[in-house]
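Please walk me through this model, one question at a time. I am new to it.

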Amino acid sequence: MGSKVIFFVHEQPNLSKSNNKPNEQETLLLSTSSLKSGLSMSTLHVKKVGSGVLLKYGEVSLAFDTGIKGEITLLSHSHSDHIRGLKQARHIIATEATFDTWNARNSESSTDITPVEVGDMFGQIGVNITLLNAGHVLGSTMFYLEFDDGLTALYTGDFNNVDSLVHTAARPLEADVLITEATYGTSSWIFPNRKEVYERILNAASATIDQGRTPVFNAYSLGKSQEAIALLQSGGFRVISGNLSIDKVCKVYKDHGVDLRYHTMRSANVSDALESGAVIVSSSFRHTIDLARHHLEKRSIERLEQKTEGFNLSGWTAGKYAERGFPLSAHSDFEGLLNFAKTVNPRVAYVFTENARPFSKHLSDIGINAVPLE
Ligand SMILES: [Zn+2]
(Lines give C-alpha, C1' and ligand atoms only; values in the text may rest on other atoms or scores of the structure.)
Protein backbone atom coordinates (compact mmCIF):
# COMPACT_ATOMS: atom_id res chain seq x y z
CA MET A 1 0.00 0.00 0.00
CA GLY A 2 2.69 2.51 0.97
CA SER A 3 4.99 4.38 -1.36
CA LYS A 4 7.58 4.74 1.37
CA VAL A 5 8.33 2.72 4.45
CA ILE A 6 9.88 4.39 7.47
CA PHE A 7 10.71 2.62 10.68
CA PHE A 8 11.02 4.22 14.05
CA VAL A 9 12.35 2.32 16.99
CA HIS A 10 11.67 4.37 20.07
CA GLU A 11 12.36 3.51 23.63
CA GLN A 12 9.06 2.97 25.38
CA PRO A 13 8.17 5.80 27.75
CA ASN A 14 8.17 5.27 31.46
CA LEU A 15 4.73 6.42 32.46
CA SER A 16 5.55 6.32 36.13
CA LYS A 17 7.75 9.37 35.63
CA SER A 18 5.03 11.32 33.89
CA ASN A 19 3.29 14.03 35.81
CA ASN A 20 0.75 14.39 33.04
CA LYS A 21 -1.11 11.14 33.37
CA PRO A 22 -4.45 11.10 31.63
CA ASN A 23 -7.22 11.26 34.17
CA GLU A 24 -10.10 10.24 31.97
CA GLN A 25 -11.66 6.93 32.75
CA GLU A 26 -10.91 4.04 30.47
CA THR A 27 -13.93 3.11 28.51
CA LEU A 28 -13.51 -0.40 27.22
CA LEU A 29 -11.11 -3.27 27.30
CA LEU A 30 -11.08 -5.53 24.29
CA SER A 31 -9.54 -8.93 24.64
CA THR A 32 -8.03 -9.96 21.35
CA SER A 33 -7.79 -13.62 22.23
CA SER A 34 -10.80 -14.26 20.04
CA LEU A 35 -9.45 -12.33 17.07
CA LYS A 36 -8.15 -13.98 13.96
CA SER A 37 -4.56 -14.71 14.90
CA GLY A 38 -5.31 -16.03 18.35
CA LEU A 39 -1.68 -15.30 19.18
CA SER A 40 -2.08 -12.42 21.52
CA MET A 41 -3.71 -11.87 24.84
CA SER A 42 -3.05 -8.14 24.69
CA THR A 43 -5.77 -5.80 25.80
CA LEU A 44 -6.72 -2.68 23.91
CA HIS A 45 -7.09 0.50 25.94
CA VAL A 46 -8.58 3.56 24.25
CA LYS A 47 -9.35 6.71 26.18
CA LYS A 48 -10.02 10.37 25.58
CA VAL A 49 -7.13 12.57 26.73
CA GLY A 50 -7.22 16.33 26.27
CA SER A 51 -8.01 17.19 22.67
CA GLY A 52 -7.47 13.66 21.41
CA VAL A 53 -7.16 9.98 22.15
CA LEU A 54 -4.59 7.70 23.78
CA LEU A 55 -4.33 4.12 22.53
CA LYS A 56 -2.41 1.36 24.25
CA TYR A 57 -2.08 -2.18 22.99
CA GLY A 58 0.63 -4.55 24.19
CA GLU A 59 3.88 -2.57 24.01
CA VAL A 60 2.38 0.01 21.67
CA SER A 61 1.37 3.38 23.08
CA LEU A 62 0.23 6.17 20.75
CA ALA A 63 -1.44 9.54 21.20
CA PHE A 64 -3.71 10.92 18.46
CA ASP A 65 -4.27 14.67 18.14
CA THR A 66 -3.14 15.39 21.68
CA GLY A 67 0.17 15.88 23.43
CA ILE A 68 0.99 13.58 26.33
CA LYS A 69 4.32 13.72 28.07
CA GLY A 70 6.56 10.92 26.88
CA GLU A 71 4.24 9.73 24.12
CA ILE A 72 4.48 9.82 20.33
CA THR A 73 1.66 11.86 18.76
CA LEU A 74 0.05 11.07 15.43
CA LEU A 75 -1.42 14.38 14.29
CA SER A 76 -4.29 14.18 11.78
CA HIS A 77 -4.40 17.91 10.89
CA SER A 78 -3.70 21.30 12.46
CA HIS A 79 -7.12 22.72 13.38
CA SER A 80 -6.84 24.32 16.80
CA ASP A 81 -8.95 21.67 18.55
CA HIS A 82 -6.44 18.99 17.52
CA ILE A 83 -3.12 20.60 18.46
CA ARG A 84 -3.62 21.41 22.11
CA GLY A 85 -0.81 20.38 24.41
CA LEU A 86 1.45 19.21 21.61
CA LYS A 87 4.46 20.74 23.36
CA GLN A 88 4.14 17.83 25.78
CA ALA A 89 4.57 15.26 23.02
CA ARG A 90 7.81 13.30 22.79
CA HIS A 91 7.62 13.27 19.01
CA ILE A 92 5.02 14.32 16.43
CA ILE A 93 4.27 12.55 13.17
CA ALA A 94 2.10 14.19 10.49
CA THR A 95 2.15 15.13 6.84
CA GLU A 96 4.37 17.92 5.56
CA ALA A 97 1.22 19.89 4.68
CA THR A 98 -0.09 19.55 8.24
CA PHE A 99 3.17 20.88 9.66
CA ASP A 100 3.12 23.68 7.06
CA THR A 101 -0.44 24.77 7.89
CA TRP A 102 0.38 24.51 11.58
CA ASN A 103 3.43 26.75 11.17
CA ALA A 104 1.45 29.19 9.02
CA ARG A 105 -1.11 29.90 11.74
CA ASN A 106 0.80 29.40 14.95
CA SER A 107 3.89 31.04 16.28
CA GLU A 108 4.86 28.06 18.40
CA SER A 109 5.60 24.74 16.81
CA SER A 110 7.50 21.68 17.84
CA THR A 111 10.88 20.80 16.45
CA ASP A 112 10.77 17.12 17.30
CA ILE A 113 8.79 16.10 14.26
CA THR A 114 8.78 13.67 11.38
CA PRO A 115 6.94 14.63 8.20
CA VAL A 116 5.39 11.71 6.31
CA GLU A 117 2.98 11.57 3.39
CA VAL A 118 -0.35 9.97 2.58
CA GLY A 119 0.35 6.38 1.58
CA ASP A 120 3.53 6.16 3.63
CA MET A 121 3.86 3.30 6.06
CA PHE A 122 5.99 3.61 9.16
CA GLY A 123 6.43 1.55 12.24
CA GLN A 124 7.55 1.14 15.75
CA ILE A 125 7.87 -2.02 17.78
CA GLY A 126 4.55 -3.86 17.59
CA VAL A 127 2.73 -1.87 14.92
CA ASN A 128 2.85 -0.62 11.34
CA ILE A 129 1.03 2.62 10.63
CA THR A 130 -0.23 3.82 7.24
CA LEU A 131 -1.48 7.32 6.51
CA LEU A 132 -4.76 7.58 4.60
CA ASN A 133 -6.27 10.74 3.15
CA ALA A 134 -9.02 12.20 5.37
CA GLY A 135 -10.48 14.73 2.89
CA HIS A 136 -10.95 17.34 5.63
CA VAL A 137 -8.25 19.98 4.99
CA LEU A 138 -4.93 20.09 3.13
CA GLY A 139 -2.73 17.23 4.36
CA SER A 140 -5.34 15.80 6.72
CA THR A 141 -4.98 12.10 7.38
CA MET A 142 -6.49 9.09 9.02
CA PHE A 143 -4.19 6.49 10.57
CA TYR A 144 -4.47 2.78 9.82
CA LEU A 145 -2.72 0.57 12.37
CA GLU A 146 -1.66 -3.04 11.84
CA PHE A 147 -0.46 -4.65 15.05
CA ASP A 148 1.95 -7.57 15.05
CA ASP A 149 -0.74 -10.03 16.12
CA GLY A 150 -3.01 -9.10 13.19
CA LEU A 151 -5.33 -6.67 14.97
CA THR A 152 -6.15 -3.64 12.79
CA ALA A 153 -7.46 -0.22 13.82
CA LEU A 154 -8.47 2.94 11.97
CA TYR A 155 -8.37 6.39 13.59
CA THR A 156 -10.20 8.99 11.51
CA GLY A 157 -9.47 12.39 13.06
CA ASP A 158 -11.92 14.71 11.28
CA PHE A 159 -12.87 13.40 7.86
CA ASN A 160 -15.04 14.16 4.87
CA ASN A 161 -16.36 11.37 2.66
CA VAL A 162 -17.29 13.82 -0.13
CA ASP A 163 -14.97 15.30 -2.78
CA SER A 164 -14.61 19.07 -2.80
CA LEU A 165 -12.93 21.45 -5.25
CA VAL A 166 -9.71 21.37 -3.23
CA HIS A 167 -9.83 18.13 -1.19
CA THR A 168 -10.30 14.50 -2.16
CA ALA A 169 -12.82 12.40 -0.23
CA ALA A 170 -11.73 10.00 2.52
CA ARG A 171 -12.15 6.32 1.70
CA PRO A 172 -12.82 3.76 4.42
CA LEU A 173 -10.79 0.61 4.99
CA GLU A 174 -11.93 -2.47 6.88
CA ALA A 175 -10.56 -2.66 10.41
CA ASP A 176 -11.20 -4.56 13.65
CA VAL A 177 -11.34 -1.31 15.60
CA LEU A 178 -12.69 2.04 14.44
CA ILE A 179 -11.95 5.26 16.34
CA THR A 180 -14.16 7.84 14.66
CA GLU A 181 -15.30 11.42 14.94
CA ALA A 182 -19.05 12.05 15.08
CA THR A 183 -19.38 15.84 14.75
CA TYR A 184 -22.60 15.54 12.75
CA GLY A 185 -23.55 12.21 14.28
CA THR A 186 -27.31 12.60 14.64
CA SER A 187 -29.92 11.93 11.99
CA SER A 188 -30.87 15.61 11.70
CA TRP A 189 -27.56 16.43 10.02
CA ILE A 190 -27.97 15.52 6.38
CA PHE A 191 -26.26 17.86 3.93
CA PRO A 192 -27.46 18.58 0.40
CA ASN A 193 -25.37 17.45 -2.54
CA ARG A 194 -22.16 19.54 -2.59
CA LYS A 195 -22.77 20.68 -6.17
CA GLU A 196 -26.12 22.07 -5.10
CA VAL A 197 -24.49 23.89 -2.16
CA TYR A 198 -21.91 25.34 -4.55
CA GLU A 199 -24.65 26.62 -6.86
CA ARG A 200 -26.50 28.22 -3.97
CA ILE A 201 -23.32 30.02 -2.85
CA LEU A 202 -22.57 31.31 -6.35
CA ASN A 203 -26.19 32.45 -6.79
CA ALA A 204 -26.07 34.31 -3.48
CA ALA A 205 -22.84 36.05 -4.54
CA SER A 206 -24.41 37.17 -7.82
CA ALA A 207 -27.65 38.33 -6.23
CA THR A 208 -25.83 40.33 -3.54
CA ILE A 209 -23.57 42.05 -6.05
CA ASP A 210 -26.61 42.82 -8.23
CA GLN A 211 -28.06 44.65 -5.21
CA GLY A 212 -24.94 46.82 -5.02
CA ARG A 213 -23.66 45.11 -1.91
CA THR A 214 -20.47 43.12 -1.21
CA PRO A 215 -20.99 39.47 -0.24
CA VAL A 216 -18.81 38.28 2.66
CA PHE A 217 -18.47 34.52 3.08
CA ASN A 218 -17.40 33.60 6.61
CA ALA A 219 -15.25 30.47 6.74
CA TYR A 220 -12.50 28.87 8.82
CA SER A 221 -9.09 30.08 7.69
CA LEU A 222 -7.83 26.52 7.19
CA GLY A 223 -9.70 24.46 4.63
CA LYS A 224 -13.08 26.12 4.18
CA SER A 225 -11.69 29.49 3.08
CA GLN A 226 -9.58 27.85 0.38
CA GLU A 227 -12.56 25.85 -0.86
CA ALA A 228 -14.64 29.04 -0.94
CA ILE A 229 -11.94 30.92 -2.86
CA ALA A 230 -11.62 28.06 -5.36
CA LEU A 231 -15.40 27.96 -5.81
CA LEU A 232 -15.85 31.71 -6.23
CA GLN A 233 -12.92 32.00 -8.64
CA SER A 234 -14.40 29.12 -10.67
CA GLY A 235 -17.64 31.13 -10.82
CA GLY A 236 -15.77 34.05 -12.37
CA PHE A 237 -15.82 36.30 -9.30
CA ARG A 238 -12.95 38.50 -8.18
CA VAL A 239 -12.18 37.16 -4.72
CA ILE A 240 -10.58 39.07 -1.84
CA SER A 241 -9.09 37.27 1.13
CA GLY A 242 -10.13 39.25 4.19
CA ASN A 243 -7.57 38.01 6.73
CA LEU A 244 -3.83 37.49 7.06
CA SER A 245 -4.42 33.99 8.43
CA ILE A 246 -6.28 33.07 5.22
CA ASP A 247 -3.43 34.53 3.15
CA LYS A 248 -0.89 32.44 5.04
CA VAL A 249 -2.84 29.21 4.64
CA CYS A 250 -3.56 29.95 0.96
CA LYS A 251 0.18 30.26 0.41
CA VAL A 252 0.64 26.76 1.85
CA TYR A 253 -2.11 25.40 -0.43
CA LYS A 254 -0.46 27.05 -3.43
CA ASP A 255 2.95 25.69 -2.39
CA HIS A 256 1.33 22.24 -2.38
CA GLY A 257 -0.04 22.70 -5.90
CA VAL A 258 -3.57 24.01 -5.35
CA ASP A 259 -4.57 26.72 -7.83
CA LEU A 260 -5.94 29.67 -5.85
CA ARG A 261 -6.27 33.14 -7.36
CA TYR A 262 -7.38 36.03 -5.19
CA HIS A 263 -6.55 39.54 -3.98
CA THR A 264 -5.35 40.16 -0.47
CA MET A 265 -6.37 43.27 1.47
CA ARG A 266 -2.88 44.59 0.74
CA SER A 267 -3.14 44.18 -3.03
CA ALA A 268 -2.89 47.46 -4.93
CA ASN A 269 -6.23 47.28 -6.72
CA VAL A 270 -8.53 46.05 -3.93
CA SER A 271 -10.59 49.26 -3.73
CA ASP A 272 -11.36 49.09 -7.44
CA ALA A 273 -12.19 45.40 -7.16
CA LEU A 274 -14.62 46.12 -4.33
CA GLU A 275 -16.40 48.80 -6.34
CA SER A 276 -16.68 46.54 -9.38
CA GLY A 277 -18.37 43.65 -7.60
CA ALA A 278 -15.77 41.54 -5.78
CA VAL A 279 -16.57 39.01 -3.07
CA ILE A 280 -14.77 38.62 0.27
CA VAL A 281 -13.86 35.43 2.10
CA SER A 282 -13.27 36.14 5.78
CA SER A 283 -12.46 34.10 8.87
CA SER A 284 -13.12 37.12 11.13
CA PHE A 285 -14.98 40.12 9.74
CA ARG A 286 -13.84 42.28 12.66
CA HIS A 287 -10.25 41.64 11.63
CA THR A 288 -11.15 42.22 8.00
CA ILE A 289 -12.39 45.70 8.91
CA ASP A 290 -9.21 46.34 10.94
CA LEU A 291 -7.11 45.32 7.98
CA ALA A 292 -9.16 47.52 5.65
CA ARG A 293 -8.57 50.52 7.92
CA HIS A 294 -4.83 50.00 7.48
CA HIS A 295 -4.73 49.34 3.77
CA LEU A 296 -7.82 50.55 1.90
CA GLU A 297 -9.21 53.87 0.73
CA LYS A 298 -11.95 55.62 2.69
CA ARG A 299 -14.67 54.66 0.16
CA SER A 300 -13.76 50.97 0.57
CA ILE A 301 -13.81 51.13 4.37
CA GLU A 302 -17.26 52.73 4.24
CA ARG A 303 -18.45 50.05 1.84
CA LEU A 304 -17.28 47.30 4.19
CA GLU A 305 -18.93 49.00 7.15
CA GLN A 306 -22.23 49.72 5.43
CA LYS A 307 -22.76 47.65 2.30
CA THR A 308 -21.93 44.03 3.02
CA GLU A 309 -24.03 40.90 3.29
CA GLY A 310 -22.60 38.07 5.43
CA PHE A 311 -23.05 34.34 4.83
CA ASN A 312 -21.64 31.57 7.02
CA LEU A 313 -20.18 28.55 5.27
CA SER A 314 -20.64 25.75 7.79
CA GLY A 315 -22.41 22.45 8.21
CA TRP A 316 -24.13 23.94 11.23
CA THR A 317 -26.16 26.20 8.95
CA ALA A 318 -28.13 23.10 7.93
CA GLY A 319 -29.88 23.35 11.30
CA LYS A 320 -31.13 26.25 13.29
CA TYR A 321 -28.80 28.78 11.62
CA ALA A 322 -30.01 27.93 8.10
CA GLU A 323 -30.96 31.52 7.32
CA ARG A 324 -27.43 32.73 7.90
CA GLY A 325 -25.49 30.79 5.31
CA PHE A 326 -24.88 27.57 3.43
CA PRO A 327 -24.09 24.02 4.67
CA LEU A 328 -20.61 23.71 3.22
CA SER A 329 -18.98 21.23 5.57
CA ALA A 330 -15.47 19.83 5.89
CA HIS A 331 -16.97 16.89 7.80
CA SER A 332 -19.08 13.94 6.76
CA ASP A 333 -22.78 14.27 7.46
CA PHE A 334 -24.72 11.67 9.43
CA GLU A 335 -25.22 9.33 6.48
CA GLY A 336 -21.56 9.71 5.54
CA LEU A 337 -20.44 8.78 9.05
CA LEU A 338 -22.79 5.81 9.14
CA ASN A 339 -21.85 4.46 5.69
CA PHE A 340 -18.17 4.91 6.49
CA ALA A 341 -18.54 2.88 9.70
CA LYS A 342 -20.50 0.17 7.90
CA THR A 343 -17.69 -0.25 5.36
CA VAL A 344 -15.00 -0.33 8.05
CA ASN A 345 -17.16 -3.06 9.63
CA PRO A 346 -15.34 -2.99 12.99
CA ARG A 347 -15.75 -5.33 15.93
CA VAL A 348 -15.85 -2.28 18.11
CA ALA A 349 -16.07 1.46 17.43
CA TYR A 350 -14.92 4.24 19.75
CA VAL A 351 -16.64 7.53 19.06
CA PHE A 352 -15.38 11.00 19.98
CA THR A 353 -16.39 14.67 19.49
CA GLU A 354 -19.77 16.27 19.84
CA ASN A 355 -22.58 13.77 19.30
CA ALA A 356 -20.37 10.83 20.36
CA ARG A 357 -23.12 9.42 22.53
CA PRO A 358 -26.03 9.57 20.05
CA PHE A 359 -23.84 8.32 17.21
CA SER A 360 -22.68 5.38 19.35
CA LYS A 361 -26.35 4.55 19.86
CA HIS A 362 -26.94 4.69 16.09
CA LEU A 363 -23.98 2.34 15.52
CA SER A 364 -25.24 -0.06 18.18
CA ASP A 365 -28.64 -0.03 16.48
CA ILE A 366 -27.06 -1.35 13.25
CA GLY A 367 -25.10 -4.02 15.09
CA ILE A 368 -21.74 -2.28 15.64
CA ASN A 369 -20.56 -2.43 19.24
CA ALA A 370 -19.84 1.25 19.96
CA VAL A 371 -18.50 3.23 22.90
CA PRO A 372 -18.55 7.03 23.27
CA LEU A 373 -15.25 8.53 24.43
CA GLU A 374 -16.15 11.39 26.75
ZN1 LIG B 1 -10.74 19.79 11.82
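**Helices, strands and cores**

Q: In this predicted model, at what angle do the axes of helix H1 (residues 96–105) and helix H4 (residues 244–255) cross?
A: The model is predicted. The axes of H1 and H4 come within 9 Å. They cross at roughly 155 degrees.

Q: Are H1 and H4 roughly parallel or roughly antiparallel to each other?
A: Angles over 145 degrees count as roughly antiparallel. The axes of H1 and H4 cross at roughly 155 degrees. H1 and H4 are therefore roughly antiparallel.

Q: Which residues of H4 make the contact with H1?
A: H1 passes H4 in a right-handed crossing. From H1, the contact uses Ala-97, Asp-100, Thr-101, Ala-104 and Arg-105. From H4, it uses Ser-245, Lys-248, Val-249 and Val-252.

Q: Is strand S7 (residues 91–95) largely enclosed or largely open, and why?
A: S7 has five residues, and four of them are buried. The rest of the structure therefore surrounds S7, which is largely enclosed.

Q: Which residue of S8 stands opposite Ala-94?
A: S7 runs parallel to strand S6 (residues 72–74), joined by three bridges. There, Thr-73 stands opposite Ile-92 in S7. S7 also pairs in the parallel sense with strand S8 (residues 113–116), over four bridges. In S8, the residue opposite Ala-94 is Pro-115.

Q: Which strands stand at the edges of the open sheet of six strands?
A: The pairing is parallel, and the order is S16-S15-S17-S14-S18-S19. An edge strand here has a single partner, so one of its sides is left without a neighbour in the sheet. The edge strands are S16 (263–264) and S19 (325–326).

Q: Which residue in S18 stands opposite Phe-217?
A: Strand S14 (residues 214–218) and strand S18 (residues 308–313) run parallel. Five bridges join S14 to S18. Opposite Phe-217 in this pairing is Phe-311.

Q: Which helix gives the most to the largest nonpolar core?
A: This core has 63 residues, and Val-53 and Val-351 touch the most other members. One helix gives five residues to the core, the most of any. That helix is H8 (residues 334–344).

Q: How many residues does the other core have?
A: This core lies apart from the largest one. Its members include Val-270, Ile-280, Phe-311 and Ala-330. Phe-311 also stands opposite Phe-217 in the strand pairing. The number of residues in this core is 43.

Definitions and conventions:
Residues numbered from 1 in each chain as written. Predicted model: local features only at pLDDT ≥ 70, side-chain atom pairs only at ≥ 80, totals over all residues. Pairing = 2+ DSSP bridges. Helix = DSSP H or I, 4+ residues; strand = E, 2+ residues; numbered from the N terminus. Core = buried A, V, L, I, M, F, W, Y, C linked by C-beta atoms within 7 Å. Buried ≥ 20, exposed ≤ 12 C-beta atoms within 10 Å, placed from the backbone. Axes fitted to C-alpha atoms, helices over the stretch in contact; angles between N-to-C directions. Parallel < 35°, antiparallel > 145°, perpendicular 65-115°, else oblique. Left-handed = near helix turned anticlockwise from the far one by under 90°. Contact = placed C-beta atoms within 7 Å.
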